[in-house]
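User: Please take a close look at a single part of this model, the charged side chains that pair with one another, and explain how they are placed in the chain and how far they are covered. I would rather have one careful account than a list.

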Amino acid sequence: MLTYFLIIIPTLIFFFIAFSYWQERKYRRKPFYKLADVGWHRYTPPADDTLVHSVAMVGDPGAVAIDGSDPVLQLLEVWKDRAGEAGTIVYLGDILYPIGLPAPGHRLRENAAKRLDVLLETVVDFPGNGIFLSGNHDWLKGREGGYEQMLRQERYIVEKTQDEKSYLPRNGCPGPVSMQLAEGLLLVIINTQWFVQRGEKPLGSKYDCPYSDIEEFFISFNDVLRKNKHQRVLVAAHHPLYSNAMHGGKFTMKQHIFPLTAAHKRFYIPLPVFGSLYPFYRKLFGAYEDMSHRTYKKMRKRLVRIMNRYSNVIYVAGHDHNLQHFEIQQNHYIVSGSGSKTAFVKKGGKATFTLEELGFFVINYYSNGEVWMEALAVAEADEEMVVFRKKLNSVLQPKRQITADA
């Protein structure tokens with residue numbers, strides 16, 4: 001009997017490891033397309049239309065290489081050469097892993113500053129706009145003391161760029177902050193980390209925030225969308241509102257058998273049955289950074305409810321380390337979080353496109369009023385690869401205004 005277990009148990013462990021690895025590779029290398037979008041290659045913007053503005057949405061760049069070899073930053077350079085002064089780079093939070101920019105003297109300070117300098121080089125020599133948002137890691141992973149950690153990073157970026165608009169919203173306020181990128185294209189930036197942050201977070205005149213009651217944020221956000229129904233509105237944030245990945249409560253068998261791989265991809269320590277407690281907890285109750293957590297859930301519900309009133313909104317976030325697109329009630333929800341890391345993403349569901357690969361989304365706005373979305377991924381040869389393209393709502397279709405409060 002002992003010999004039997006000595007043979008069977010290692011065999012089962014090997015099987016689960018092999019299966020998990022095969023499944024991970026399968027999902028990563030093969031993009032998912034909704035049936036209606038399988039033939040996306042056949043559609044391109046009209047050749048005679050002028051590109052008015054291009055926005056590169058790069059999420060979670062906090063682990064980029066600092067030796068000049070980073071494939072995503074190389075891909076970004078190709079985009080920068082095309083876009084020029086008619087371009088905007090938006091870094092969607094989690095600018096530095098694992099805990100943002102520590103104080104001088106901290107053991108992680110030197111490497112963090114080097115990595116941040118590499119990212120800053122991509123915007124200081126760029127004739128277009130360069131904007132940084134904060135994410136949960138920039139706020140000390142959402143823990144106590146995160147507010148001061150974020151402010152330290154903000155001060156560093158603003159001083160280096162000499163641009164007061166390079167870090168938004170300022171002072172850790174919730175927002176929204178609006179920027180007119182071109183006639184007919186408005187960028188709105190919100191700080192979703194504020195809603196899930198533990199400990200001190202700014203609100204009111206003491207922190208130079210425009211209001212003292214968070215309900216005013218939702219009223220202001222709704223007002224921005226209501227007053228700009230005539231143009232495209234691109235909302236940039238860190239936390240997604242739809243996701244087929246871990247923060248959206250989606251897990252593979254690998255996370256059930258090897259739950260420690262959530263901390264590190266090489267921690268293949270089998271914990272069957274017991275290991276399922278972790279993904280079930282994240283799915284049903286969630287950590288502060290998960291959609292299932294009550295504070296995240298409340299924020300998401302309010303934002304979605306407001307955006308459902310309009311049909312001209314493109315919401316782009318990072319947080320989950322993959323590329324995803326959802327089309328919900330004539331609006332578009334994008335996850336562009338694989339700026340330096342990748343993680344599993346589930347196919348199907350409400351998604352029109354998903355891919356686990358390094359890269360980012362680009363939003364292109366043309367002179368005829370059309371908006372085209374492109375997903376750019378890093379190929380094995382570190383070359384640019386357009387893995388998805390789609391025209392977003394060719395005609396603005398205002399919905400009936402709901403008079404209930406935000």
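Analyst: A residue is called buried when its relative accessible area is under 20%, exposed when that value is over 50%, and partly exposed in between. With 34% relative accessibility, E327 therefore counts as partly exposed. The model is a predicted one, and a search through the whole structure finds twelve salt bridges; the account below begins with those that involve K390.

In general, side chains of opposite charge can pair when their charged atoms come close. The side chain of K390 meets that of D37 in a salt bridge, with a distance of 2.8 Å from N to O. This pair links distant parts of the chain, since K390 belongs to strand β14 (residues 384-392) while D37 sits in the loop between β1 (32-33) and β2, the two being 353 residues apart. K390 has a relative accessible area of 14%, so it is classed as buried, and D37 is likewise buried because its relative accessible area is 10%.

E327 also forms a salt bridge with K390, and here the closest N and O atoms are 3.9 Å apart. This second pair again connects distant parts of the chain, E327 lying in strand β9 (residues 323-328) and K390 in strand β14, 63 residues apart. Taken as a group, D37, E327 and K390 are linked in a network of salt bridges. Within it, K390 and D37 are buried, whereas E327 is partly exposed.

Another of the salt bridges joins the side chains of R302 and E215, at 3.1 Å from N to O. Because R302 lies in helix α9 (residues 294-307) and E215 in helix α6, this pair ties together parts that are 87 residues apart in sequence. R302 counts as buried, its relative accessibility being 15%, but E215, at 34%, counts as partly exposed.

A covalent link can be set beside these charged pairs, for the search of the whole structure finds one disulfide. C173 and C209 form it, with their sulfur atoms 1.9 Å apart. The two cysteines come from distant parts of the chain, C173 from the loop between α4 and β5 (177-182) and C209 from the loop between α5 (193-196) and α6 (215-227), 36 residues apart. The torsion about their S-S bond is about -90°, so the disulfide is left-handed. C173 is buried at 4% relative accessibility, and C209 is buried with a relative accessible area of 6%.

Conventions:
Residues numbered from 1 in each chain as written. Predicted model: local features only at pLDDT ≥ 70, side-chain atom pairs only at ≥ 80, totals over all residues. Heavy atoms only, no water. Disulfide = S-S within 2.5 Å. Helix = DSSP H or I, 4+ residues; strand = E, 2+ residues; numbered from the N terminus. Buried < 20%, exposed > 50% of the residue type's maximum accessible area, 1.4 Å probe, protein only. Salt bridge = Lys/Arg side-chain N within 4 Å of Asp/Glu carboxyl O.
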